[in-house]
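Colleague: I've got a structure to look at and I'm not sure how to read it. Could you walk me through it?

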Amino acid sequence: MNIGESIKYWRLENGLTQKQLAEASNISEISIRKYEAGDRVPKIGTLSDIARALNITIGDLDSDYTTMLHDRSEAINLVTQMKNFINNIPTMDTTETVKQQATIETNSILKKVQELIKTIDLGISSDKEMRGILNESRNLKKEIQEAEQEVDEMFLSVLHQLNSEGQDKTINYALDLTKIPEYQKKDE
């Protein structure tokens with residue numbers, strides 16, 4: 001599943017329209033349409049906004065982290081270009097002061113780009129960890145729903161073994177129990 005298909009899947013899973021997702025993620029509706037159609041690929045910041053609006057991780061939308069790895073690759077290419085520029089500064093036909101200033105500014109930018117690469121790596125690592133936690137939570141929720149379904153089926157099976165008078169008494173007992181706080185289900 002590509003990123004656009006993932007966005008659509010999770011949007012529908014959350015019961016949202018494209019317009020609602022656009023509003024929740026602070027992105028234009030036309031952009032959401034283009035992402036879902038595969039006409040455009042969102043940048044990492046946009047992908048993060050969409051994931052946040054859908055209450056999922058970036059990895060749920062981009063399972064192999066192609067967007068983050070693409071951004072990382074671009075940053076690494078930029079580092080290489082900047083190192084080449086720094087190496088060529090001594091051969092420039094300009095004053096020493098300009099050369100020193102160019103070296104200082106370029107080194108400053110270089111450090112920021114290297115920090116960006118570390119941030120991307122940390123983001124991928126953190127997202128994978130969060131994705132695991134969310135998957136565990138989803139699995140637990142599914143198990144709880146299955147257990148509740150089993151209880152419902154068991155209750156109905158017992159109820160069907162009774163005659164109509166027994167069924168009425170059972171229902172009335174159950175209704176009485178719902179009025180007692182210690183037997184009430186807590187809101188999740």
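Modeller: Sure! Let's start with one definition: a residue is buried when its relative accessible area is under 20%, exposed when that area is over 50%, and partly exposed in between. Keep in mind that this is a predicted model.

Colleague: Okay, let me try that out. Is Glu148 buried, exposed or partly exposed?

Modeller: Glu148 has a relative accessible area of 30%, so it is partly exposed.

Colleague: And which residue does Glu148 form a salt bridge with?

Modeller: First the general idea: side chains of opposite charge can pair when their charged atoms come close. Here the partner of Glu148 is Lys185, with the closest N and O atoms 3.0 Å apart. Glu148 belongs to helix α7 while Lys185 is in the segment after α8, so this pair ties together parts 37 residues apart in sequence. Lys185 is exposed because its relative accessible area is 66%.

Colleague: How many salt bridges are there?

Modeller: The count comes to 6 salt bridges. Another one of them joins Glu36 and Arg11, whose closest N and O atoms are 2.5 Å apart. That pair also links distant parts of the chain: Glu36 sits in helix α3 (residues 29–37) and Arg11 in helix α1, 25 residues apart.

Colleague: Are Glu36 and Arg11 buried or exposed?

Modeller: Use the cut-off again. Glu36 has 11% relative accessibility, so it counts as buried. Arg11 has 7%, so it counts as buried too.

Colleague: What about a salt bridge inside one helix? Where do Asp49 and Arg52 sit?

Modeller: Those two are in helix α4 (residues 44–54), and because they are 3 residues apart there, about one helical turn separates them. Their side chains meet in a salt bridge, 3.2 Å from N to O. Asp49 is partly exposed because its relative accessible area is 30%, and Arg52, at 58%, counts as exposed.

Colleague: Next topic: surface patches. Which residues gather in a patch of negative charge?

Modeller: For a charge patch, you look for like charges on the surface. In this structure Glu143, Glu146, Glu150, Asp152 and Glu153 gather in a negative one. Take Glu146: you'll find it in helix α7, which covers residues 96–160. Its relative accessibility is 42%, so Glu146 is partly exposed.

Colleague: And which residues make a nonpolar surface patch?

Modeller: Leu177, Ile180 and Tyr183 do, and their patch is about 280 Å². Tyr183 lies in the segment after α8. At 52% relative accessibility, Tyr183 counts as exposed.

Colleague: Let's try a polar contact. What does the side chain of Ser25 have in reach?

Modeller: For this feature, you check how far a polar atom is from another one. A polar atom of the Ser25 side chain lies 2.7 Å from the backbone oxygen of Leu21. Ser25 itself is in helix α2 (residues 18–25). With a relative accessible area of 4%, Ser25 is buried.

Colleague: I've also heard about phi angles. What is the phi of Asn26?

Modeller: Here you look at the sign, and at whether the residue is a glycine. Asn26 has a phi near 60°, which is positive in a residue other than glycine. You'll see Asn26 in the loop between α2 and α3. Asn26 is exposed because its relative accessible area is 74%.

Colleague: What about Asn55?

Modeller: Asn55 isn't a glycine either, and its phi is positive, about 60°. Its place is the loop between α4 and α5 (58–61). Since its relative accessible area is 62%, Asn55 is exposed.

Colleague: Last one: how do I read distances along the chain against distances in space?

Modeller: Put the two numbers side by side for a pair of residues. Leu116 and Gln184 are 68 residues apart along the chain, and their C-alpha atoms are separated by 51 Å. For Gly4 and Leu122, the values are 118 residues in sequence and 24 Å in space, C-alpha to C-alpha. Then there are Glu129 and Leu47, 82 residues apart along the chain, with 17 Å between their C-alpha atoms.

Colleague: And where are Leu116, Gly4 and Glu129 found?

Modeller: Leu116 lies in helix α7, and Glu129 is found in helix α7. Gly4 is in helix α1 (residues 3–13). At 5% relative accessibility Gly4 counts as buried, whereas Glu129, at 55%, is exposed.

Conventions
Residues are numbered from 1 along each chain as its sequence is written. This is a predicted model: local features need pLDDT of at least 70, side-chain atom pairs count only at pLDDT 80 or more; totals for chains, interfaces and linings use all residues. Side-chain values use heavy atoms; hydrogens and water are left out. Patches are made of residues with over 30% relative accessible area and no salt bridge: like charges are joined within 9 Å, nonpolar side chains (Val, Leu, Ile, Met, Phe, Trp, Tyr) within 5 Å. Accessible areas come from the Shrake-Rupley method with a 1.4 Å probe; for residues, only the protein chains shown count as cover. A salt bridge is a side-chain nitrogen of Lys or Arg within 4 Å of a carboxyl oxygen of Asp or Glu. Lys and Arg count as positive and Asp and Glu as negative; His and the chain ends are not counted. The place of a charge is taken as NZ of Lys, CZ of Arg, CG of Asp or CD of Glu. Helices (H or I, at least four residues) and strands (E, at least two) are DSSP runs, numbered from the N terminus. Buried means under 20% relative accessible area, exposed over 50%, partly exposed in between (1.4 Å probe, protein chains only). A polar contact is a pair of N or O atoms within 3.5 Å; within protein, one must be able to donate a hydrogen and the other to accept it, and residues adjacent in sequence count only if both atoms are side-chain atoms.
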